[in-house]
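Please examine the structure shown below. The paragraphs that follow lead through its interior and then turn to its surface.

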Amino acid sequence: MNLKVVLVLLALSLITIFALAYVLLTSQGGSSQPPRCPSVSHSAQPWTHAGQSQLFADLSQEELTAVMSFLTQQLGPGLVDAAQARPSDNCIFSVELQLPPKAAALAHLDRGHPPPPREALAIVFFGGQAQPNVSELVVGPLPHPSYIRDVTLERHGGPLPYHRRPMMGTEFAQMWKHLKEVELPKAPVFLASVFNYNGSTLAPLQATPSGLRSGDRTTWIALHHNVSGVGIFLHPVGLELLLDHGALDPARWAVQQVFYLGRYYTDLAQLEWEFQAGRLHVLRVPLPLPHGASSLRPRSSPGPLPPLQFSPQGSQYSVRGNLVVSSLWAFTFGHGVFTGMRIFDVRFKGERVAYEVSVQECLSIYGADSPKTMMTRYLDSSYGLGRHSRGLVRGVDCPYQSTMVDIHILVGKGTVQLLPGAVCVFEEAQGLPLRRHHNHLQSHFYGGLAGSALVVRSVSSVGNYDYIWDFVLHPNGALEGRVHATGFVNTAFLSGGEESLLFGNRVGERVLGTVHTHAFHFKLDLDVAGQCRDIRRDEETAHWRGTPFPPLILAGLKNWVVAEDVVFKPVAAPWSPEHQLQRPQLTRQVLGREDLTAFSLGTPLPRYLYLAGNQTNAWGHQRGYRIQVHSPLGIHMPLESNMERALSWGRYQLVVTRRKEKESQSSSIYYQNDIWTPTIAFADFINNETLLGEDLVAWVTASFLHIPHAEDIPNTVTLGNRVGFLLRPYNFFDEDPSIFSPGSVYFEKGQDAGLCSVNPVACIPHLAACIPDLPPFSYQDF
């Protein structure tokens, strides 16, 4: 090669190397590499303020362990780990926080008194006694327990019979073991020929309550095809068995009846005999395909990711233990084993607006022509809304940058169980202005505020359904509770003709999506403008004309229930008396008795109903919080049903009662297995007591009807399946407090809205030019 050519190539190579080096050096030190956004806390931080109250914080792993150790010492060596317990054993079923009395809690929070002792509530099954029973024991003080107090009689008015106990996982396992080892072998040819049963391809789904009268423990169990990765709920095979498992010895359990294709048989042996004799009409059901209609596996290749919400300036809230604090809101959240999500001591700008907002019960009632489905009335607190709060998935269940909180529970086994990431806290960008106005009359300006909210969320995966529970706190002082339903629908085998479609829609080959109702009950212990002053009771149903109540000396928190609405009244036009106008006019009424605030399902609510305090705002109006129920018109079980009394909270869309410690819960975990004899019925809370100037609790029922249809396969979607309530300030403030939000936007004609100094939204391209602080994805709940 010519020497000149070699030199030229060498020179070009050196130039290229220098150019690449320059590009690399300038890119590392220059502005082309965006900075990282401020860090976001992706998990809850430990509680670091030793002097700060933890009245409502869930029991820690150490506290749960201490309670178990103390109970094991005190109750003797006869205790068995609940994870291995038989019905005839003694075992500790559950341990969770015993909530303190409200008076003691407020004395500590508001007046600096010492905190009430921290205590645990333990539920113990005594199956090994001559008279088996369930006992509720308060253990304290924590973290070093030294006493036990039996509160069973105090809480339930008498001993708790053993048949009322919730079913443990061990009992479910023993029931299926009995069916597989004792009952199913009676029909081997029938099961293999009709259902392709090989010993593992069938799974049970049971009805509750178990029986038709108090004391029963007989459960209808439907068999469904079981293939890994497929929703078993969509694959009934048409065979159902009634198992009597009331005896404490599982060896004495027995199937009482068998149901197949509309007929009842004494046992599976009779079914086998008729099948082999050619006398049995059958419908063969093939095994479902792993990638069939009931699978949640993606049906398409991965594509573009959905939009990502992130906080370019970091989180505007903090989570310390169970305490959530933002610039506007502060509250403590709890996670009851049975009732799930709850929040306490809810304050807006330092002022308490609610003492407790909590879930009470979650009810589903089903209908079909199969015995298992027509018997089903699921009271999900019995199964455990908190117990079944599984780990949440970043980017799907919660925004990717959410703060994930682990929960420790002790239920159904003798050791503490970790529920990783069972609660998430996040800021929700709602994609909608909270308020805005574009003015073009007289002057030109724009003012608005992007809607955002602070959200705490958990999801209860109870059997086939997933319930997404949210408490949402808005910058205008509103507090929202909402629940979305998703998951698999329950189905029954479609064996009949048109008459079967009275109970739902066909959603698959021989599969009926069964009609059912959902009802959710919430407790709203509001403390509206809680600082007391002298007031006087007026007539119990007196009309209130917007003036302060006349004085009378009363102590403690004072609230009233006020209903407002509008009527049209005729009025002659003053400037033209011969013409008449129909003018809307407000009506106001103080509802002074509990019976006046019990609004049954189907009864129109006053369009404005609020709890008023004894303080006034700057304009002379009583400060209040309005209650809005977001729920379609519900339907409740007929009152003549012998099950209805245990569900009597479902009669009412809204009730306001005087607060009492003994009326702290509207339902009970014991009602699922003895729905016929409730020890405390919610309807008894409503006994026409005065509500004038009292500490009040509102109880809200939100419900909807679900008629499953083709689009519910494979899963029901959250869209359209949301109900809840909204608490809105009503003259509580002197103006909308969101006007003070730092994200407010305002600019006028002639101003350059593209300048950060004029319009904070104009800063977004600069502020968001950073790499989001995103944690690596992980999931640990399998």
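In this predicted model, the largest nonpolar core has 87 residues, and W469, L524 and I627 are the members that touch the most others. Strand β15, which covers residues 351-366, supplies the largest share of this core, with 6 residues. The surroundings of I627 give a detailed view of the packing. When neighbours within four places in sequence are left aside, I627 is in contact with L524, L526, L609, L611, L654, A698, V700, L726 and L727. L524 thus appears twice in this account: as a contact of I627 and, with I627 itself, among the residues that touch the most other core members.

A second core, separate from the one just described, has 33 residues, including L179, F190, Y197 and L223.

L179 also belongs to the buried residues of helix α5, together with T170, E171, Q174, M175, W176, H178 and E183. This helix has 15 residues, 169-183, and reaches 20 Å from its first C-alpha to its last, close to the 21 Å expected at 1.5 Å a residue. An α-helix has 3.6 residues a turn, so residues three or four places apart point the same way. The cover over the buried residues of α5 includes the strands β6 (202-206), β7 (218-225), β8 (236-244) and β9 (254-260), as well as helix α7 (268-276).

The surface offers another aspect of the model. There, F777, Y779 and F782 form a nonpolar patch with about 410 Å² of accessible area together. F777 lies in the segment after α10 (764-767). This residue, F777, counts as partly exposed because its relative accessibility is 45%.

Notes. Residues numbered from 1 in each chain as written. Predicted model: local features only at pLDDT ≥ 70, side-chain atom pairs only at ≥ 80, totals over all residues. Heavy atoms only, no water. Helix = DSSP H or I, 4+ residues; strand = E, 2+ residues; numbered from the N terminus. Expected span 1.5 Å × (residues − 1). Buried < 20%, exposed > 50% of the residue type's maximum accessible area, 1.4 Å probe, protein only. Contact = heavy atoms within 4.5 Å. Patch = residues over 30% accessible without salt bridge, like charges linked within 9 Å, V, L, I, M, F, W, Y side chains within 5 Å. Areas by Shrake-Rupley, 256 points an atom, 1.4 Å probe, with all protein chains shown as cover. Salt bridge = Lys/Arg side-chain N within 4 Å of Asp/Glu carboxyl O. Core = buried A, V, L, I, M, F, W, Y, C linked by side-chain atoms within 4.5 Å.
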